[in-house]
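Here's a set of short exercises to work through with the model open in your viewer. Try each task before you read its solution.

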Amino acid sequence: MTIPLQMAQKDLEFSVTRNEQPRSAEERELILFDPGFGNFFTDHMVDICWSKKGGWHRPRVQPYGPIALDPAAAVLHYAQEIFEGMKAYRHADGSVWTFRPDANAARMQRSAKRLALPELPTDYFIESLRQLIAVDADWVPSGAEMSLYLRPFMFAKEAFLGVRPAEKVAYYLIASPAGAYFTGGVAPVNIWISQHLSRAGKGGTGAAKTGGNYASSLMAQAEAYENDCAQVLFLDSVEGKYVEELGGMNVVLVYKDGRIVTPKSDSILEGITRDSILQLARDRGLTVEHRPVTIEEWRNGVESGEITEMFACGTAAVVTPIAQLKADGYTIGNAESPAGELTMSLRQELTDIQYGRLPDRHGWMLRLDE
Ligand code: PLP
Ligand code: COI
């Protein structure tokens, strides 16, 4: 990754304004006891401005709070926005770590390119994480399976209604203490197959982490809830035949012969959790296939017993077993299926690395609180 010259270390000077009314220790402890997902936010946030003329400037840490936006800000009209999702983990010795932040920084740069936004250099991205942890480290929970979810995002803030790439942009980082993403914890979930609605199209923004992809998933997600499913599975928008991904997670299938298969497509978000799980599987000597997968292959594989386990994975959901897929007119698998053995063992290995219980043999972890 090349870092532009104006991003030299001297520019990484963040101004810090402390929140004068942070939550009390008692209030914070109460929240950290059972935060759920995405409900509560820490006392501070980071922001960095960008303009076409001045590049990245004015990095700062400030109290968490509402953002003043001109009603004509381009993001509110044309959705020029991207985000990332990652976590800070507390290790047994109290230290605070994050997982593969360079991969999130690189993906945010790819998303930025696709949405005609400026690319935030990796050192700015990582420094923003360190700066937030420097003031909000007490918000990183120490409970089992808990973490501080980190949400970097960037949007067009220029007040201009012409449709073109904005010339004023803001990068923000906020954080939210997190337990399990699904209310049932790590229990297997049912998934709704969307047969009429697409998340992303050919040549579209499916591979970018941009809010529009999530907006277009919501109607199908509502259908999923109506059908007692926790998430929605999207198929390709051209033939409705190839498996893509869930609204907010990638999918992985385990075959009886030990193969691990996951869909490949230009309109899937390339998950960092999936990439890491596939690496752990390869380390165990398992064969990994990253290739187009049809919904027919999935259905036939489960019916014949060739496919023995299936799971969803992503930062928020970690690794979540899939019990059954439901569609108009058919189902795949059994709603009562227990979590797969390999699924849970890969999950355990990944979280053991993230929480510092196993050696970090791939150099994935970065300490944030020093
Ligand atoms: N696919 C979508 C649509 C997502 O929102 C996410 C979550 O970030 C993922 C896949 C998994 O990505 P990652 O493992 O990097 O969190
Ligand atoms: C994440 O896993 O970080 C995501 O962005 C997915 C979202 C459903 C919370």
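**Exercise 1. Find the polar partners of ligand 1.**

Start with Tyr 214: one of its polar side-chain atoms sits 2.4 Å from an oxygen atom of ligand 1. That passes as a polar contact (a pair of N or O atoms within 3.5 Å; within protein, one must be able to donate a hydrogen and the other to accept it, and residues adjacent in sequence count only if both atoms are side-chain atoms). Next, go to Lys 209, where a side-chain N or O atom is 2.7 Å from an oxygen atom of ligand 1. Then add Arg 107, with a side-chain N or O atom 2.8 Å from an oxygen atom of this ligand. Finally, look at the surroundings: there are 17 residues around ligand 1, and those coming nearest are Lys 209, Tyr 214, Glu 245, Thr 273 and Thr 315. "Around" here asks for a heavy atom within 4 Å.

A word on the ground rules: this is a predicted model, where local features need pLDDT of at least 70 and side-chain atom pairs need 80 or more, while totals for chains, interfaces and linings use all residues. Residues are numbered from 1 along each chain as written, chains are lettered from A and ligands numbered from 1 in written order, and side-chain values use heavy atoms, without hydrogens or water.

**Exercise 2. Do the same for ligand 2.**

List the neighbours to begin with; among them are Phe 37, Phe 83, Tyr 149, Arg 151 and Lys 209. Now check distances. The side chain of Tyr 149 has an N or O atom 2.6 Å from an oxygen atom of ligand 2. For Lys 209, a polar side-chain atom lies 2.7 Å from a ligand 2 oxygen. Thr 315 uses a polar backbone atom instead, 3.5 Å from an oxygen atom of ligand 2.

**Exercise 3. Describe how the two domains meet.**

First, split the chain: domain 1 is 2-180 and domain 2 is 189-354, with bounds from an automatic or database domain assignment. Their C-alpha centres are 28 Å apart.

Second, get the area. The domains bury about 1800 Å² between them, 54% of it on carbon and sulfur atoms; this is the accessible area (1.4 Å probe) lost on putting the two parts together, summed over both. Phe 83, Phe 99 and Arg 107 supply 31% of what domain 1 buries against domain 2, more than any other three residues.

Third, count the charged pairs: 2 salt bridges link the domains, each needing a side-chain nitrogen of Lys or Arg within 4 Å of a carboxyl oxygen of Asp or Glu.
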